[in-house]
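Trainee: I'd like a close look at one part here, the place where the two domains meet. Could you walk me through it, and then add whatever else helps me get my bearings?

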Amino acid sequence: MRAELDEAWHRTLGSGRFVGGPEVAAFEAEFAAYCEAANCVGVGNGTDALELVLEALGVGPGDEVVVPAATFVATAEAVVGVGAVPRFVDVDADTLLLDPAAVEAAIGPRTVAVVAVHLYGQMADLEALARVTDRYGLALVEDAAQAHGARLSGRRAGSVGVAAAFSFYPGKNLGALGDGGAVVTGDDALAARVRRAADHGRSDDDRHLHVVSGRNSRLDGLQAAVLRVKLRGLDAANAARVAAMAHYRAALPPGCVPLAVRPAADPVHHLAVVQVEDRAVTTRALTEAGIGWGLHYPVPCQRQPAFLRDGRPPVPLPVADAAARRVLSLPMSPTLTAEQVERVCAVLASVPALGGAA
Ligand SMILES: *Cc1c(COP(=O)(O)O)cnc(C)c1O
């Protein structure tokens, strides 16, 4: 992509518009169209995107927001960021996605919203979740930071909930060359509130009039220009991830269990996560073979010291707790070759505990 990226940098350098401006406006239109949603507002990062959505929905002190225990901490940080309390619930054992029955059981008089996380690139069961949120009059928000381009029953991530938060952190499926994020929503008024709050609460028609006390969380012109280039290649990059994951599924030894994909879902495999019983032995074998790996995430959110309230002990959430001990992220990227997948699987098959043939 170097030639196209160089061209994008030079075009933006020449324009002199480094925050907002035509590249940001063009990217917002292109990404909204990609997500099959009416509005996209570029912001500083994915955490801000989530916080701005919650704020625009009026979520604040005294409110509770239901979030999955198995997610990156940013999901819960955004809830705390607006002064509300995250209510952590357990996830489905096959997919590690938010369990609609657990969500319903967690709803109380202070609950105002549910944040569904499309973890590892597979969309949460928004159809079942919407039945719950509709019944109780709650907002259903999508944390789509790991799921650019994913679909559920044909609908794109970002087009189903009241609003969605995306991150363009470099390692995400659509990554900038620095931080970036976006709010995507079909609700024009909500998009306008987010845009205003992210730009110092500025009035639409008088830039010196600040109608709410907002903040600074805007997308850079340079990042938008880069994202426009990378968006053109996103479907091909996601297809390469899907192919790599299919290859893993076929070649992994029996002791490495990939997560289930629900029939209605078209995931984009942000990460190649498997569950193993003896993670220490497995990661040692990978490290010795010079193969990188990751843990997403070894501490479930309800056990993070940051979210323990009033010295109370963390609530046990059996599925999320067990998954935190077992999950292992194998190499995954659009440039991963078939030979590389074979090599990772051969090393895993050589670990006796994983029951491989070797
Ligand atoms: C990356 C991520 C975020 C936060 O995005 P940033 O751009 O890093 O702030 C939020 N939620 C999930 C699930 C993520 O993976």
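Mentor: Sure. Let's start with the polar side of that meeting place, keeping in mind that this is a predicted model. Between domain 1 and domain 2, the count comes to 21 residue pairs in polar contact, with both residues at pLDDT 80 or more. On the domain 1 side, at least two residues each come from helix H4 (74-81), strand S3 (85-89), strand S6 (151-152) and helix H8 (221-232). As for charged pairs, the rule finds one salt bridge across this interface. Asp-235 makes a salt bridge with Arg-156, and their closest N and O atoms are 3.4 Å apart.

Now step back to the two parts themselves. The domain assignment gives residues 2-231 to domain 1 and 234-354 to domain 2. Their C-alpha centres sit 24 Å apart. In terms of contacts, 42 residues of domain 1 touch 32 residues of domain 2. Together the two domains bury about 3,000 Å² between them, and 61% of that is on carbon and sulfur atoms.

You also wanted some bearings beyond the interface, so have a look at helix H3, which spans residues 46-56. This helix is mostly covered, with nine of its eleven residues buried. Among the buried ones are Leu-50, Leu-52, Val-53 and Leu-54, but Asp-48 and Glu-51 are on that list as well. At the N-terminal end, Asn-45 acts as the cap of H3, with a side-chain oxygen 3.0 Å from the backbone nitrogen of Thr-47. After the helix comes Gly-58, which has a positive phi, near 85°.

One last stop is the cysteines. You'll find zero disulfides in this structure. Take Cys-35: its closest cysteine sulfur belongs to Cys-40 and is 7.0 Å off, so that is too far for a bond, given that a disulfide needs the two sulfurs within 2.5 Å. Cys-256 is in no disulfide either, as its nearest cysteine sulfur, in Cys-345, is 7.8 Å away. Cys-35 and Cys-256 are tucked out of reach of the probe to slightly different values: Cys-35 is buried at a relative accessible area of 0%, while Cys-256 is buried at 3%.

Note on methods. Residues numbered from 1 in each chain as written. Predicted model: local features only at pLDDT ≥ 70, side-chain atom pairs only at ≥ 80, totals over all residues. Heavy atoms only, no water. Buried < 20%, exposed > 50% of the residue type's maximum accessible area, 1.4 Å probe, protein only. Domains from an automatic or database assignment. Contact = heavy atoms within 4.5 Å. Buried area = accessible area lost by both parts, 1.4 Å probe. Salt bridge = Lys/Arg side-chain N within 4 Å of Asp/Glu carboxyl O. Polar contact = N/O pair within 3.5 Å; in protein donor to acceptor, adjacent residues only side chain to side chain. Helix = DSSP H or I, 4+ residues; strand = E, 2+ residues; numbered from the N terminus.
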